Amino acid sequence: MLIGILIFDVALVAWSLHLMQEAFDQQEFSLMLAGTLVALSAAAMLVVYFLMGNCMSYLTQTSQLPY
């Protein structure tokens, strides 16, 4: 699953760099904003993945404790 998310994140970062290059060429602020938002969403997706991975591993470890 991590490989798929990493590939998707690399694609998002490449797309955001393309948007930022187009914004620089055309002197458009909206494309620069869109590129920044796409890059931030890629970073946020990785953060959420790692946080949920830690949370899920904690929950599965605590649910296996004998009572």
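Student: Which residues does D9 touch, not counting residues up to four places away in sequence?

Tutor: This is a predicted model, so keep that in mind as we go. With those sequence neighbours set aside, D9 has contacts to A42, M45 and L46.

Student: Is D9 buried or exposed, and where does it lie?

Tutor: D9 sits in helix α1. Its relative accessible area is 4%, and since buried means under 20%, D9 counts as buried.

Student: Which other residues of α1 are buried?

Tutor: Start with the general idea. An α-helix has 3.6 residues a turn, so residues three or four places apart point the same way. Now the case here: the buried residues of α1 are I5, D9, L12, S16, L19 and A23. Try reading that list against the helical repeat.

Student: How many residues does α1 have, and what does it span?

Tutor: Helix α1 has 25 residues. From its first C-alpha to its last it reaches 36 Å, close to the 36 Å expected at 1.5 Å a residue. Just after α1, look at the backbone of Q27: its phi is positive, about 55 degrees.

Student: What about E22, is it buried or partly exposed?

Tutor: E22 belongs to α1 too, but with 27% relative accessibility it is classed as partly exposed. For a sense of distance, take E22 and T60: they are 38 residues apart along the chain, and their C-alpha atoms are separated by 46 Å.

Student: Let's go to the surface. Which residues make the nonpolar patch?

Tutor: L2, I3, L6, I7 and F50 make it, and the patch covers about 470 Å². Helix α1, residues 2-26, gives the largest share, four residues. One of the patch residues, L2, is found in that helix, and its relative accessible area of 31% makes L2 partly exposed.

Student: And F50, how is that one classed?

Tutor: F50 is partly exposed as well, at 48% relative accessibility.

Student: How many aromatic pairs are there, and how do I read one?

Tutor: The general idea: a pair of aromatic rings is described by the distance of the centres and the angle of the planes. In this model the count comes to one aromatic pair. The rings of Y49 and F50 have centres 5.5 Å apart and planes at 70 degrees, so the pair is edge-to-face. The cut-off behind that label is an angle over 60 degrees.

Student: Where does Y49 stand on accessibility?

Tutor: Y49 comes out at 26% relative accessibility, which puts Y49 in the partly exposed class. Its ring partner F50 is the patch residue we met above.

Terms used: Residues numbered from 1 in each chain as written. Predicted model: local features only at pLDDT ≥ 70, side-chain atom pairs only at ≥ 80, totals over all residues. Heavy atoms only, no water. Phe/Tyr/Trp six-rings, centres within 6.5 Å; stacked < 30°, edge-to-face > 60°. Buried < 20%, exposed > 50% of the residue type's maximum accessible area, 1.4 Å probe, protein only. Patch = residues over 30% accessible without salt bridge, like charges linked within 9 Å, V, L, I, M, F, W, Y side chains within 5 Å. Areas by Shrake-Rupley, 256 points an atom, 1.4 Å probe, with all protein chains shown as cover. Salt bridge = Lys/Arg side-chain N within 4 Å of Asp/Glu carboxyl O. Helix = DSSP H or I, 4+ residues; strand = E, 2+ residues; numbered from the N terminus. Expected span 1.5 Å × (residues − 1). Contact = heavy atoms within 4.5 Å.
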